[in-house]
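Visitor: I'd like a close look at one part of this structure, along with the residues that help me get my bearings around it. Could you walk me through it?

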Amino acid sequence: SAAADRNMPNYELKAKVMIRLQTISANLATQAKEQVRIANRAEGFRLYEKALEADPTNAEAKQASENIRQMVRSECAVFLRDAKKYESLGQGAAAVQALKKILDAGIPGEDYYEYAKAKVGQIK
């Protein structure tokens, strides 16, 4: 209870809060793993990042988050190369399709995703 927490020594309260945050982090990492398993990597990434906010020492979440980021970035690099090639050849529809692949695979806030979001409406 909150009243019991107020009477607890500071170090005990800190330990209790830390355990709670580690539990939250572990639960978020479990949810993230399931999202990745069903091929929803962007949501998995978001959940792993939240797990790290709760507990920055969560090694599983840190590694998985980094793995997803690298995988997504390498895929997006290929899609971007395709988009630029199609655009330079005057194939606007194909360029837009390649950019949409970045939006499907990418992570909101990351440079590839934001570039594609800005660029997709500009191509004729």
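Guide: Happy to; we'll start with a pair of helices and then visit a few single residues.

This is a predicted model, in which local features need pLDDT of at least 70 and side-chain atom pairs count only at pLDDT 80 or more, while totals for chains, interfaces and linings use all residues. Residues are numbered from 1 along each chain as its sequence is written, and side-chain values use heavy atoms, with hydrogens and water left out.

Let's take the pair α2 and α3. Helix α2 covers residues 10–37 and helix α3 covers residues 41–54; helices here are DSSP runs (H or I, at least four residues), numbered from the N terminus. Their axes come within 8 Å and cross at roughly 170°. Such axes are lines fitted to C-alpha atoms, for helices over the stretch in contact, with angles running from 0 to 180 degrees between N-to-C directions. The crossing makes α2 roughly antiparallel to α3, a label for angles over 145 degrees.

Which residues make the contact? On the α2 side, they are Leu-21, Ile-24, Ser-25, Leu-28, Ala-29, Gln-31, Ala-32, Lys-33, Gln-35 and Val-36. They meet Arg-41, Glu-43, Gly-44, Leu-47, Tyr-48, Lys-50, Ala-51, Leu-52 and Ala-54 in α3, where contact means heavy atoms within 4.5 Å. By class, this contact has eleven nonpolar, four polar and four charged residues. Ala, Val, Leu, Ile, Met, Phe, Trp, Tyr, Cys and Pro count as nonpolar, Asp, Glu, Lys and Arg as charged, and the others, Gly among them, as polar.

In the loop between α2 and α3 you'll find Ala-39. Its phi is near 70°, a positive value in a residue other than glycine. Ala-39 counts as exposed because its relative accessibility is 67%; exposed means over 50% relative accessible area, buried under 20% and partly exposed in between, with a 1.4 Å probe and protein chains only. Within α3 sits Arg-46, which is partly exposed at 41%. From Arg-46 to Ala-98 it is 52 residues in sequence and 23 Å in space, C-alpha to C-alpha.

Further along the chain, Tyr-86 belongs to helix α4 (residues 59–88) and is partly exposed, at 25%. The charged end of Lys-85 sits over the Tyr-86 ring, 5.1 Å from its centre; this requires NZ of Lys or CZ of Arg within 6 Å of the ring centre and within 35 degrees of the ring normal. Leaving aside neighbours within four places in sequence, Tyr-86 is in contact with Gln-91, Ala-94, Ala-95 and Ala-98.

Our last stop is helix α5 (residues 92–105), home to Ile-102. At 0% relative accessibility, Ile-102 counts as buried. Residues up to four places away aside, Ile-102 touches Cys-76, Phe-79, Leu-80, Tyr-112, Tyr-113 and Ala-116. Gly-92 also lies in α5 and is buried too, with a relative accessible area of 10%. Gly-92 touches Ile-123 and Lys-124, again not counting residues up to four places away in sequence.

Note on methods:
Helix = DSSP H or I, 4+ residues; strand = E, 2+ residues; numbered from the N terminus. Parallel < 35°, antiparallel > 145°, perpendicular 65-115°, else oblique.
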